[in-house]
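Please open the model in your viewer and keep the sequence panel beside it. The stops below say what to select and what is there.

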Amino acid sequence: MEDLLHCPLCKSGRFLVFTKVKDHAISKETFTLCHCTKCKLHFTNKRPTASEIAPYYASDNYTSHKDEGAGLKTWLYKKGTRNQPSKKDKAP
Ligand SMILES: [Zn+2]
């Protein structure tokens, strides 16, 4: 695990603990989410390093951003992420 001392986006050292969340799907570990007070980014801290991160995605049920896969869950996920309402869809 890598302990971040600076925000990964703006490099500010000013961030607060936002909440703790448990990965119920794969690792069963609890992760701390921090909130940068400068750029408002929320990020995991500590976070797995590049060489440690693969097992956290080792699930047959994991839905990635790829176009592969089928089924209702994947279809719903893609509807939710790709068809965000735009201004032209809103009522006047
Ligand atoms: Zn930041």
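Of the 92 residues in this predicted protein model, 4% count as buried. Show the whole chain as a cartoon to begin: the secondary structure comes to one helix and three strands, and from the N terminus on the order of elements is β-β-β-α. Among contacts with a separation of 6 or more, 44% are between residues 24 or more positions apart.

Next, colour by confidence. The average pLDDT of the protein is 84, and 77% of the residues score at least 70. Where is confidence lowest, and where is it highest? Select helix H1, residues 72-82, for the lowest, at a mean of 73; strand E2 has the highest, at 98. Where pLDDT is low, the predicted coordinates should not be read in detail.

**The sheet**

Select the three strands together. They form an open sheet in the order E1-E2-E3, and the pairing is antiparallel. E1 (15-22) and E3 (42-44) stand at the edges with a single partner strand each, so one side of each has no neighbour in the sheet. From one strand to the next, the twist averages 30°.

Now take the two pairings in turn. E1 and E2 run antiparallel and are joined by seven bridges. To find a place in this pairing, select Val21, which stands opposite Phe31 in E2. On the other pairing, E2 (residues 30-36) and E3 are also antiparallel, and three bridges join them. Here select Cys34, and look across to Phe43 in E3, which stands opposite.

**The loop between E1 and E2**

Select Lys28, which sits in the loop between E1 and E2. Is Lys28 buried or exposed? Lys28 has 8 C-beta neighbours inside 10 Å, and a residue with 12 or fewer is classed as exposed, so Lys28 counts as exposed. Check the backbone as well: the phi of Lys28 is positive, about 65°, although Lys28 is not a glycine. Most residues other than glycine have a negative phi. For a distance across the chain, add Tyr56 to the selection: Tyr56 and Lys28 are 28 residues apart along the chain, and their C-alpha atoms are separated by 9.9 Å.

**The hairpin of E2 and E3**

Move to the connection between E2 and E3. These two strands form a hairpin with five residues between them. Which residue in the turn has a positive phi? Select Lys40, in the loop between E2 and E3; its phi is about 75°, and Lys40 is not a glycine. Lys40 has 11 C-beta neighbours inside 10 Å and therefore counts as exposed. Its C-alpha atom is separated by 9.6 Å from that of Leu9, and the two residues are 31 apart along the chain.

Leu41 also lies in the loop between E2 and E3. With 14 C-beta neighbours inside 10 Å, Leu41 counts as partly exposed. Which residues does Leu41 touch, leaving aside those up to four places away in sequence? Select Cys7, Leu9 and Cys36. For Leu9 and Leu41, the separation is 32 residues in sequence and 7.4 Å in space, C-alpha to C-alpha.

**After E3**

For the last stop, select Asn45 and Lys46 and display the backbone atoms. The peptide bond from Asn45 to Lys46 is cis, with omega near 5°. Most peptide bonds are trans. Lys46 itself is found in the loop between E3 and H1.

Definitions and conventions. Residues numbered from 1 in each chain as written. Predicted model: local features only at pLDDT ≥ 70, side-chain atom pairs only at ≥ 80, totals over all residues. Pairing = 2+ DSSP bridges. Helix = DSSP H or I, 4+ residues; strand = E, 2+ residues; numbered from the N terminus. Axes fitted to C-alpha atoms, helices over the stretch in contact; angles between N-to-C directions. Buried ≥ 20, exposed ≤ 12 C-beta atoms within 10 Å, placed from the backbone. pLDDT = per-residue confidence, 0-100. Contact = placed C-beta atoms within 7 Å.
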